[in-house]
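Let's take a look at where the aromatic rings meet in this protein. Have the model open while you read.

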Amino acid sequence: MSVFRHPGRHRVAVLVRHGLLPVELGIPHRVFGSAKSGGEHLYEVVTCAPEPGEIRTDADVTVNVKHGPEALAEADTVVVPSAHESDESWTAGRLPADVAAALECIRPDARIASICTGSFVLAAAGLLDGRMATTHWDASERFRRLYPRVRLEPEVLYTEDGRVLTSAGVASGFDLCLHMTRLDFGVAVANRVARRSVVPPHRDGGQAQYIERPVPEAGSAATGRAREWALARLHEPLTLRQLAQCEAMSVRTFTRRFREEVGTSPQRWLLHQRLERARHLLERSDEPIDRVAAGAGFGSASSLRLHFQASLGVTPSAYRRTFAG
């Protein structure tokens, strides 16, 4: 008998272990569980463990898990949260026997994602060898020692390398699950989920983690006015000098302050906003591609296609066919 009860929905299995952080279990259930289109749920999410039963958490509660590895054999997406009870994946660079046996049940074509130090499990399984990945910044040195074959990017929020995705700390688990929702069902669905959860609808995976750094100088000006000004003019050619002038700063100072506040460069942020605008227009209008390109500030359809292909791996026309409506 199938673990999943709703044919047609995207099936998500969350694999938990002893020492689970309850919040990390809640993230995929919240994001995927609230994704709807036309009032219909788009995902079905179940929790599983290497062995069904009571799972300890890092709080004063336990989680009663009904499903075992059989859920992994049916899942389209598998999410592995972190656990605050160390095992061999944390101490010795290898998988505990029960976790290894569970992971062997995952279908070869399934998507696999980790939250926080759940990446240690994926790395110990060899799923990250030669791939780009991230983990919580505080665990990055240990990760690098144990798993030197992984291309660790310790400062980014999340990574996607083929069918394997990883995220950094707890909050970036939201970013990663929203990113997967956008990939599966488009911007509009992901944005509705974000609004209901009162979280930002999109933070670029390449944005820096909130790692402890020196506090900016007291009295330093914000760059919020420049971002607001740019968002109202995405259809226009915008320069870094114009953005800096909004805050009465030099280009060099503005660039430094922008990165401190937003975690990425002004140019990368601006490209990101243009892509989001283009995705919205493709989903919500039947405007020709060249007018979508102009409305999002790309200037030409060829420029839009170039950036769209580089960022999303599809053409604007293919994206519209998938997500329009």
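The charged end of arginine 227 sits over a ring, that of phenylalanine 258, at 5.8 Å from the ring's centre. Keep in mind that this is a predicted model.

Now for rings that pair with other rings. The count comes to nine aromatic pairs. Here are two of them:

| Ring pair | Distance between centres | Angle between planes | Type |
|---|---|---|---|
| Phenylalanine 32 and tyrosine 43 | 4.7 Å | 50° | tilted |
| Tryptophan 90 and phenylalanine 120 | 4.7 Å | 40° | tilted |

Why does the pair of phenylalanine 32 and tyrosine 43 count as tilted? Its planes are at 50°, and tilted covers whatever is neither under 30 degrees (stacked) nor over 60 (edge-to-face).

Where do these two rings sit? Phenylalanine 32 belongs to helix 1 (residues 22–33), while tyrosine 43 is in strand 4 (residues 43–48), so the pair links parts of the chain that are 11 residues apart. Phenylalanine 32 is buried, with 0% relative accessibility, and tyrosine 43 is buried too, at 3%.

On to the other pair in the table. Tryptophan 90 is in helix 3 (residues 88–91) and phenylalanine 120 is in helix 5 (residues 119–124), so this pair ties together parts 30 residues apart in sequence. Buried or partly exposed: which word fits tryptophan 90? It's partly exposed, with a relative accessible area of 27%, whereas phenylalanine 120 is buried at 1% relative accessibility.

Tryptophan 90 and phenylalanine 120 also have company: ring pairs link Trp90, Phe120, Phe143 and Tyr147 into a cluster.

Conventions:
Residues are numbered from 1 along each chain as its sequence is written. This is a predicted model: local features need pLDDT of at least 70, side-chain atom pairs count only at pLDDT 80 or more; totals for chains, interfaces and linings use all residues. Side-chain values use heavy atoms; hydrogens and water are left out. Rings of Phe, Tyr and Trp (its six-membered ring) pair if their centres lie within 6.5 Å; planes under 30 degrees apart count as stacked, over 60 as edge-to-face and the rest as tilted. Helices (H or I, at least four residues) and strands (E, at least two) are DSSP runs, numbered from the N terminus. Buried means under 20% relative accessible area, exposed over 50%, partly exposed in between (1.4 Å probe, protein chains only). A charge sits over a ring if NZ of Lys or CZ of Arg is within 6 Å of the ring centre and within 35 degrees of the ring normal.
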